[in-house]
Amino acid sequence: FCAGVIRAIGRAEEFLDSGDDRRLYSLGAIVHNDSELERLSGKGLVTIDKEDFDEMVSAEGEVLLIRAHGEPPQTYERAASLGFQVIDCTCPVVLKLQQRIKEAYIKHVEMGSGQIIIFGKIGHAEVLGLIGQTDGTAVVVEDIQMLDEAIENGSIRLDVHTEVFSQTTKSPAEYALICSRLEEAMAHFNE
């Protein structure tokens, strides 16, 4: 497992072994490994999905673990409104990326224009957390073909300040290709 997941599992075990009688919920699977999930479930970890979370009425005094992928700001707000104590296990690398995207978004709002593109897998938990830093305005592209389609249909503009970020687990070489293709399209647009 990556360091962020190892850290999240360690924090979960620490809580589950502490003798605290409160329930520990994980919003989404803490790790993509069935054996490890079964082991942690046996210790008392309860994995819930977004639908379970959205349907909850109260969780006063319960504990919610935010896994290494991170979450959008709205998740933290909802957890607080339900009464959860939050153990935030967002990977430090993901957290830094979220902060950089939030800063870029604020800059674009202050300038009155701009766009943020995220190279990543649509629907992936980390990507949802990244999009949340932009109030849902970032455009996500999974590959060159999707980038080309987004340029063609106008989802990606070629005439505004643009910043491109990548999901932490994506290929740096593929990210470089995405950036290169976008730069090329912007240069042709501005000729």
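These questions cover a three-stranded sheet and one helix residue in a predicted model.

Q: What is the strand order of the open sheet of 3 strands?
A: The sheet is open and its pairing is parallel. Its edge strands are β6 (139-141) and β7 (162-166), each pairing on one side only. Neighbouring strands are turned by 25° against each other on average, direction ignored. The order is β6-β5-β7.

Q: Which residue in β6 is the bridge partner of Ile-118?
A: Strand β5 spans residues 115-119. It pairs with β6 in the parallel sense, over 3 bridges. For Ile-118, the bridge partner in β6 is Val-140.

Q: What angle does the direction of helix α5 make with that of β7?
A: Helix α5 covers residues 92-111 and packs on the sheet. It touches β5 and β7. Its direction makes an angle with that of β7 of about 165°.

Q: Is Ile-178 buried or exposed?
A: Ile-178 lies in helix α8, residues 172-189. Its relative accessible area is 1%. The cut-off for buried is under 20%. Ile-178 is therefore buried.

Q: Which residues does Ile-178 touch, not counting residues up to four places away in sequence?
A: Helix α8 holds Ile-178. Contact here means heavy atoms within 4.5 Å. By that cut-off, Ile-178 touches Phe-119, Val-141, Asp-143, Ile-144 and Leu-147.

Q: How many Å apart in space are Ile-178 and Asp-143, C-alpha to C-alpha?
A: Asp-143 is among the residues that Ile-178 touches. The two are 35 residues apart in sequence. In space, C-alpha to C-alpha, their separation is 7.2 Å.

Notes
Residues are numbered from 1 along each chain as its sequence is written. This is a predicted model: local features need pLDDT of at least 70, side-chain atom pairs count only at pLDDT 80 or more; totals for chains, interfaces and linings use all residues. Side-chain values use heavy atoms; hydrogens and water are left out. Helices (H or I, at least four residues) and strands (E, at least two) are DSSP runs, numbered from the N terminus. Buried means under 20% relative accessible area, exposed over 50%, partly exposed in between (1.4 Å probe, protein chains only). Two strands pair if DSSP finds at least two bridges between them. Axes are lines fitted to C-alpha atoms, for helices over the stretch in contact, and angles run from 0 to 180 degrees between N-to-C directions.
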